[in-house]
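Grab a pencil and work through these exercises with the model open beside you. Each task comes with a solution in small steps.

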Amino acid sequence: MSNVVQIENLSKNYGQIRALDDVILAIPEGSIFGYLGPNGAGKTTTMKILVGLLHYTGSVKIFDQEVRYNSVEINKRIGFLPDAEMPKNDSIHRFLSMTGKMNEIFNREKRIQEVLAELGLRKLRNRKIGNLSRGQRQRVGLANALLTDPQLLILDEPNSGLDPVARVRVLSLLKDLAKDGKSIIFSSHIIGEVDKIATDIAIIHRGRIIEQGTRKDLFKRYLSHGKYVLAGKVDREKALALDYVKSCDRDSLGRYIITTPGDIPEEQLLVDLIQKAGSKIKYFSSLEFSLENLFLESINGRLMEGEYA
Ligand SMILES: Nc1ncnc2c1ncn2[C@@H]1O[C@H](COP(=O)(O)OP(=O)(O)OP(=O)(O)O)[C@@H](O)[C@H]1O
Ligand SMILES: [Mg+2]
């Protein structure tokens, strides 16, 4: 399968701030690509570069074409939902009409009606964008991104601010679009939703990609070691000195996550060994795979005490 986006050695500085540091990403055509990372990790910056809003160093290709600053041609084939404000004084309909005109959409009015219906905005079409609720505005942004029926959608936190019904609808809309052969890149802090629909995932932290792969590959890699969660008074140094303990890090809930080189014969044996090594364990269980666990673990292992991101 070919890649719709191919990023190599991408770096971006804002003055002294290094927002992206040698990013390498390959996004397969037809995938739903979930882009995860803590606040300030570099997700929005990556997306803005993809749609030609920022200068950068490195190589960024979409549809095999190098992205240039302000690149109009590639943008005609991309739908973009930014995390930025929209014109407040326009009605929804007027805003979509302007996007339609700019992109010379054939049969514009019909297409506007379609996306209004898809995003549940028909009744609101004459309302001023500035007077809409946050979730309603978000849906206008999505309608706008979909208007040109683009081959590639780049959506910066598409589900932020949406109510539960709208969330489910948008997720299923994205799935349907992928079934139709579109490629979708989206960022989100709602890991459960990424878990539900993403076929490919990357985690970025401080401008560097720290995990990347198909959902299946990530699961496989994650499960190749035994993982356990324990709570209590743990003597980390002594636990780490045991042959069975490969790593021992605290997660954001203050629990310890232990990895072992492979599955151990009996969990009780591990508990006994750790207790003998000076720890008092109150809770012990094997850690199930979830994208959330993978995310928390890969980020937490890189944080200092008291850091968030
Ligand atoms: N215009 C700018 N000028 C200076 N620094 C910026 C600018 N835009 C972003 N940054 C910095 O670049 C880094 C990456 O920001 P970015 O917006 O890409 O993060 P993000 O992953 O989208 O975060 P969030 O999850 O909070 O949306 C941050 O340290 C941010 O403060
Ligand atoms: Mg962002």
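**Exercise 1.** Find which residue stands opposite Ile 62 in β5, then place that strand in its sheet.

*Solution.* Step 1: Ile 62 faces Gln 65 of β5. Before going on, note that this is a predicted model, where local features need pLDDT of at least 70, side-chain atom pairs count only at pLDDT 80 or more, and totals for chains, interfaces and linings use all residues. Residues are numbered from 1 along each chain as its sequence is written, while chains are lettered from A and ligands numbered from 1 in the order in which they are written.

Step 2: strand β4 (residues 57-62) runs antiparallel to β5, joined by two bridges. (Strands are DSSP runs of E, at least two residues; helices are runs of H or I, at least four; both are numbered from the N terminus. Two strands pair if DSSP finds at least two bridges between them.)

Step 3: the whole open sheet has four strands, ordered β2-β1-β4-β5 with antiparallel pairing. β2 and β5 (65-66) sit at the edges with a single partner strand each, so one side of each lacks a neighbour in the sheet.

**Exercise 2.** Work out which residues surround ligand 1, and which element gives the largest share of the shell.

*Solution.* Step 1: list the shell: Tyr 14, Ile 17, Ala 19, Gly 37, Asn 39, Gly 40, Ala 41, Gly 42, Lys 43, Thr 44 and Thr 45 (C-beta atom, placed from the backbone, within 6 Å of the ligand).

Step 2: β2 (17-28) and α1 (43-50) are the elements giving two or more residues. The largest share, three residues, belongs to α1.

Step 3: now check how enclosed α1 is. Seven of its eight residues are buried, so this helix is largely enclosed by the rest of the structure. (Buried means 20 or more other C-beta atoms within 10 Å of the residue's own, exposed 12 or fewer, partly exposed in between; C-beta atoms are placed from the backbone.) Among the buried ones are Lys 43 and Thr 45. Just after α1, Gly 52 takes a positive phi of about 75°.

**Exercise 3.** Explain why strand β8 is largely enclosed, and name its partners.

*Solution.* Step 1: five of the five residues of β8 (residues 183-187) are buried, so the rest of the structure largely encloses this strand. Ser 183, Ile 185 and Ser 187 cover one side, Ile 184 and Phe 186 the other, and all are buried.

Step 2: strand β3 (residues 32-36) pairs with β8 in parallel over four bridges; Ile 32 has Ile 184 as its bridge partner.

Step 3: strand β7 (residues 152-156) also runs parallel to β8, through five bridges, and Leu 155 partners Phe 186.
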